[in-house]
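Ready for a few hands-on exercises? Have the sequence and the 3D view open, try each task yourself, and then read the worked solution.

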Amino acid sequence: MRFFILLEGDILARMTDEAYMQRALELALQAEGNTSPNPMVGCVIVDAEGNIVGEGYHHKAGEPHAEVNALAEAKQMAQGATAYVTLEPCAHYGRTGPCCVALARAGIGKVVVACLDPNPKVAGQGLEYLRLQGIEVVTGVCEKEAKRLNERFFTWITKQRPFITLKYAMTLDGKIATATGDSKWITGEEARTFAHRLRKQHDAVLVGIGTVLEDDPELTTRLVRGKNPVRVVLDSSLKISLMAAVLNPLADTIIFTGLDSDIVKAEALAALPNVEVVRLPLADGVLPVAQVVQALAERGIASLLVEGGSAIHGALFDAGLADRVCAFVAPKLIGGAAALPPVGGAGSSLVETGWQLTEVEMEKLGSDVLITGLVPELDKQELPKEAE
């Protein structure tokens with residue numbers, strides 16, 4: 001009988017830990033789109049009676065971390081309390097001091113962490129320091145949710161390139177535009193607003209010149225409150241107009257073009273406020289997406305939202321550079337053999353070897369449905385024997 005009582009107590013304690021960690025995750029999300037290249041982190045400090053005595057989150061890169069903000073609110077009540085943190089407390093000196101030291105100095109008695117920090121400057125060192133100070137450490141509480149929250153940061157750190165999200169709106173018969181190129185509007189207002197939230201979440205948004213010529217988009221976050229992303233245009237032969245909306249001064253714009261494109265026009269574009277022109281050698285007449293991604297990484301772009309057309313989506317899939325898909329599906333059909341599908345490129349020769357999304361989520365937005373999931377890495381896919 002005693003065994004079952006202890007088990008019940010452990011389960012209840014775990015449920016309590018999860019409730020406090022969920023609150024920490026909610027706090028972290030308040031800084032959505034503002035912390036890059038740092039992660040979003042939330043912290044909740046709870047006293048021995050279960051009362052929340054301090055809350056905080058990381059507001060912006062270079063500003064105090066979540067733990068420091070929560071400790072400032074808790075003050076002396078942090079002594080002997082439990083800190084719930086969505087990411088391992090940092091253990092190094094940067095623009096701010098190490099949070100593991102701050103927690104120990106405040107007299108925290110226990111630290112519950114959702115997931116470890118993959119940054120080599122931390123990577124378990126924060127937890128090791130806490131244990132050496134005699135502080136109890138618990139890990140893995142709401143780990144899946146915490147990793148989902150900071151998936152862009154994790155990829156930036158571990159792969160040293162931007163996390164890449166492919167976003168598109170398509171009809172029920174899998175078309176992103178009619179045979180004539182018309183695409184306004186496939187989805188409704190709620191889906192378009194959510195798409196602007198995606199722009200807010202990412203450092204940059206990328207489109208091809210076809211999208212610019214057809215739609216003349218601003219690529220801003222005007223439908224939601226938040227910073228505008230860096231705008232990236234792939235334009236191998238500089239067809240873009242000097243009056244294009246994407247060149248307005250509301251945000252920075254990077255135009256990638258070929259080495260042989262019009263040098264005079266390139267100089268005129270580069271002379272515009274907040275516009276940079278990057279020239280790259282073409283491969284088979286197109287800009288190589290791997291070099292574009294590398295150039296963005298060199299400019300500190302930690303996450304990239306791609307809104308750019310069938311060809312660009314296909315090229316990123318073929319290059320193994322797609323991390324997440326956000327597909328907005330509208331309950332309408334347009335038909336047409338020549339109408340564009342959302343993903344072009346070489347693709348997969350067999351249905352079996354196609355990209356099977358994982359951790360799939362679905363959400364209804366008005367009359368439309370958002371389907372999103374992670375793209376598996378090629379070397380991790382299960383291939384049929386005849387394809388090995």
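The exercises below walk through a predicted model, starting with its domains and ending with some backbone details.

**Exercise 1. Find the two domains and describe how they meet.**

Step 1: Start with the bounds. The domain assignment gives domain 1 as 17–152 and domain 2 as 161–374.

Step 2: Now look at the spacing. The C-alpha centres of domain 1 and domain 2 are 35 Å apart. Seven residues from domain 1 and 14 residues from domain 2 take part in the contact.

Step 3: Next comes the area. Together, domain 1 and domain 2 bury about 1,000 Å² between them, and 44% of that is on carbon and sulfur atoms.

**Exercise 2. Work out what links the domains, and what the domain 1 side is made of.**

Step 1: Count the links. There are three salt bridges between domain 1 and domain 2, and six residue pairs are in polar contact across the interface, both residues being at pLDDT 80 or more.

Step 2: Find the elements. On the side of domain 1 that touches domain 2, α5 (143–149) and α6 (151–159) each give two or more residues.

Step 3: Sort that side by class. You should get no nonpolar, two polar and five charged residues.

**Exercise 3. Zoom in on E151: where does this residue sit, and what does E151 touch?**

Step 1: Place the residue. E151 lies in helix α6.

Step 2: Look for a charged partner. E151 makes a salt bridge with R324, with the closest N and O atoms 2.7 Å apart.

Step 3: Check the other side-chain link. E151 and R148 are joined through their side chains by a polar contact of 3.1 Å.

Step 4: List the touches. Skipping residues up to four places away in sequence, E151 touches F163, R324 and L374.

Step 5: Decide on burial. Buried means under 20% relative accessible area. E151 has 8% relative accessibility, so E151 counts as buried.

**Exercise 4. Is T220 buried or exposed, and which residues are in contact with T220?**

Step 1: Find T220 in the loop between α8 (209–215) and β8 (230–234).

Step 2: Use the accessibility. T220 counts as buried because its relative accessibility is 3%.

Step 3: Collect the contacts. With neighbours within four places in sequence left aside, T220 is in contact with H196, R199, N228, R231 and L250.

**Exercise 5. Find V101, then see how far away V286 is.**

Step 1: V101 is in helix α3, residues 99–105. At 12% relative accessibility, V101 is another one to call buried.

Step 2: Go from V101 to V286. The two are 185 residues apart in sequence, and their C-alpha atoms are 51 Å apart in space.

**Exercise 6. Track down two cis peptide bonds and two positive phi values.**

Step 1: S36 and P37 are joined by a cis peptide bond with omega about 5°. P37 sits in the loop between α1 (2–29) and β1 (42–46).

Step 2: K184 and W185 are also joined by a cis peptide bond, with omega about -15°. You'll find W185 in the loop between β6 (163–171) and α7 (189–201).

Step 3: Now for phi. A123 isn't a glycine, yet its phi is positive, about 40°. A123 is in the loop between β4 (110–113) and α4 (125–132), and at 47% relative accessibility A123 counts as partly exposed.

Step 4: Finish with E359, another non-glycine with a positive phi, near 50°. E359 belongs to strand β13, residues 358–365, and its 43% relative accessibility makes E359 partly exposed.

Notes. Residues numbered from 1 in each chain as written. Predicted model: local features only at pLDDT ≥ 70, side-chain atom pairs only at ≥ 80, totals over all residues. Heavy atoms only, no water. Domains from an automatic or database assignment. Contact = heavy atoms within 4.5 Å. Buried area = accessible area lost by both parts, 1.4 Å probe. Salt bridge = Lys/Arg side-chain N within 4 Å of Asp/Glu carboxyl O. Polar contact = N/O pair within 3.5 Å; in protein donor to acceptor, adjacent residues only side chain to side chain. Helix = DSSP H or I, 4+ residues; strand = E, 2+ residues; numbered from the N terminus. Nonpolar A, V, L, I, M, F, W, Y, C, P; charged D, E, K, R; others polar. Buried < 20%, exposed > 50% of the residue type's maximum accessible area, 1.4 Å probe, protein only.
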